[in-house]
Structure formats: structure tokens, C-alpha cells
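Biologist: I should like to learn how to read a structure of this kind, feature by feature. Could you take me through one example?

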Amino acid sequence: MSEVFSKDQVDKFKVIFDQFDQNGDGDISAKELKGALKMLGQKTDTKSCKKMIKAYDKNNTKRMEFREFLDMMANVFQYHLSHPESQKQNGAGIDDATNRKMEDLFDSLDVDESGFIDPEEIVKLTETLGEKMAIDEVKELIKQVDKDGDGRVNKEEFKRLMCSK
């Protein structure tokens with residue numbers, strides 16, 4: 001089912017998967033999934049995470065490999081496509097629920113509550129994830145999405161990045 005994604009989308013999912021895979025062993029444990037969901041503002045217990053993993057664990061390792069993660073994401077997308085009532089669109093072409101989630105994610109990354117994600121906040125985030133990036137690297141990344149050229153990412157730039165194909 002994961003064949004529904006473009007190479008670019010698969011690459012983006014790989015970045016997300018790698019962030020969930022805290023110990024870098026190539027798969028996601030229930031503990032790692034619980035921690036990742038908690039970072040995204042989703043409270044769940046280990047038992048629920050084990051059930052999620054079990055639903056996609058084709059080789060019975062009790063861990064989610066990248067291919068299985070893609071299958072899960074494909075099911076999420078398929079659900080939203082087959083349930084249009086859950087996708088009330090706002091003016092930006094994003095359903096309201098997704099828009100709220102993106103804004104919540106943006107707000108969680110905007111630690112100083114300035115309305116922008118600045119290079120220092122991204123450096124701190126990468127430190128927390130165990131993959132510290134140099135400030136110059138972060139500034140280069142920001143340039144790719146920074147449409148107004150202020151050296152920071154605002155909410156609209158963030159949403160465009162998250163929705164880009």
C-alpha cells in the first residue's frame with residue numbers, strides 16, 4: 001500500500017521515522033512511538049502503542065520497520081480520502097483538523113512564543129533529538145522555506161513546508 005507516495009513524500013516520511021527511532025536501530029518500539037506521540041501532543045499509553053505496532057507488524061518483531069510505517073501512513077491517507085466529511089477544507093486547501101494540528105505543532109516548536117521558529121529553536125530541537133545541527137546548517141535549511149527572507153519560519157511558511165509535495 002505504501003506505493004501511493006511519491007519519492008519526495010517517502011523521503012519526508014523517512015525523516016519523521018528517523019526522529020521516532022530514537023536509538024537509531026532502524027525500527028520503532030512501543031516506547032519510542034509513545035515518546036514521539038507525546039512530543040506531538042498525543043497522550044497515549046504503551047499498551048495502545050503496542051496495538052498500533054501489532055496492526056502493521058508483518059514479521060512479528062513487535063517493532064515497526066520503515067516499510068510498515070509507510071503502510072500505516074498510507075492507511076491514514078486512505079482513510080481521509082474515503083471519509084471526505086472528516087476533511088472540511090479551509091481557505092488554504094487544508095482540512096480544519098490538519099490545520100489545527102499543524103498550528104499546534106508549530107506552536108510547540110515556537111518555544112519563545114514569538115510567532116516564528118528561529119534558527120536557535122531548531123538547534124535546540126535537534127539537540128533534544130540527539131542530532132545537533134550547526135547554526136549555519138539550520139540557517140541554510142530555513143532559507144529554503146523562508147519566503148519573506150527574515151531568517152525565520154512563520155506559520156504560513158511552516159504550513160507550506162508541511163503540505164509541499
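Biologist: Let us start with a loop residue. Where does Asn60 lie?

Modeller: This is a predicted model, and in it Asn60 lies in the loop between α3 and β2 (64-65). The general idea is that most residues other than glycine have a negative phi. Asn60 departs from that pattern, with a positive phi near 55 degrees.

Biologist: Is Asn60 buried or exposed?

Modeller: Asn60 counts as exposed because its relative accessible area is 65%, and exposed means over 50%.

Biologist: What is phi of Lys62 near, and where is the place of Lys62?

Modeller: Phi of Lys62 is also positive, near 65 degrees, and Lys62 sits in the loop between α3 and β2. Lys62 is exposed, since its relative accessible area is 69%.

Biologist: How should I read a pocket, and which residues line the second largest pocket?

Modeller: Rolling a probe the size of a water molecule over the atoms shows where empty space is left. Here, the second largest pocket has a volume of about 170 Å³. Its lining consists of Ser29, Ala30, Lys50, Ile53, Lys54, Asp57, Asn60 and Lys62. Both loop residues just discussed, Asn60 and Lys62, are thus among the lining residues.

Biologist: Which helix gives the largest share of that lining?

Modeller: Helix α3 (residues 46-56) does, with 3 residues. By class, the lining comprises 4 charged, 2 polar and 2 nonpolar residues.

Biologist: Let us turn to the interior. How many residues has the largest nonpolar core?

Modeller: The largest nonpolar core has 19 residues, and those with the most contacts inside it are Phe13, Ile28, Leu33, Met64 and Phe69. Two or more residues each are given to this core by α1, α2 (30-39), α3 and α4 (66-82). Of these elements, α4 gives the most, 6 residues.

Biologist: Which residues does Leu33 touch, beyond those up to four places away in sequence?

Modeller: With those sequence neighbours set aside, Leu33 touches Phe20, Ile28, Cys49, Met52 and Ile53. Ile53 also belongs to the lining of the second largest pocket. Apart from this core there is a second, separate one of 8 residues, which includes Phe106, Val123, Val153 and Phe158.

Biologist: Val123 brings us to another helix. Which residues of helix α6 are buried?

Modeller: In helix α6 (residues 119-128), the buried residues are Pro119, Glu121, Val123 and Thr126. They pack against α5 (96-109), β3 (116-117) and α7 (135-145). After α6 comes Gly130, with a positive phi near 80 degrees.

Biologist: Why is Ile16 called partly exposed?

Modeller: Ile16, in helix α1 (residues 7-20), is called partly exposed because its relative accessible area is 31%, which falls between the limits of 20% and 50%. The C-alpha atoms of Ile16 and Phe69 are separated by 10.0 Å, although the two residues are 53 residues apart along the chain.

Biologist: How many helices and strands has the chain as a whole?

Modeller: The chain has 8 helices and 4 strands, in the order α-β-α-α-β-α-α-β-α-α-β-α from the N terminus. Of its 165 residues, 30% are buried.

Biologist: Where does pLDDT stay under 50?

Modeller: Where pLDDT is low, the predicted coordinates should not be read in detail. In this model, pLDDT stays under 50 over residues 86-91. The chain averages a pLDDT of 81, and 85% of the residues score at least 70.

Technical notes: Residues numbered from 1 in each chain as written. Predicted model: local features only at pLDDT ≥ 70, side-chain atom pairs only at ≥ 80, totals over all residues. Heavy atoms only, no water. 1 Å grid on protein atoms, 1.4 Å probe; cavity = no way out; pocket = protein on both sides within 12 Å on 5 of 7 lines; lining within 4 Å. Points joined across faces, edges and corners; volume = space filled by probe spheres on them. Nonpolar A, V, L, I, M, F, W, Y, C, P; charged D, E, K, R; others polar. Buried < 20%, exposed > 50% of the residue type's maximum accessible area, 1.4 Å probe, protein only. Contact = heavy atoms within 4.5 Å. pLDDT = per-residue confidence, 0-100. Core = buried A, V, L, I, M, F, W, Y, C linked by side-chain atoms within 4.5 Å.
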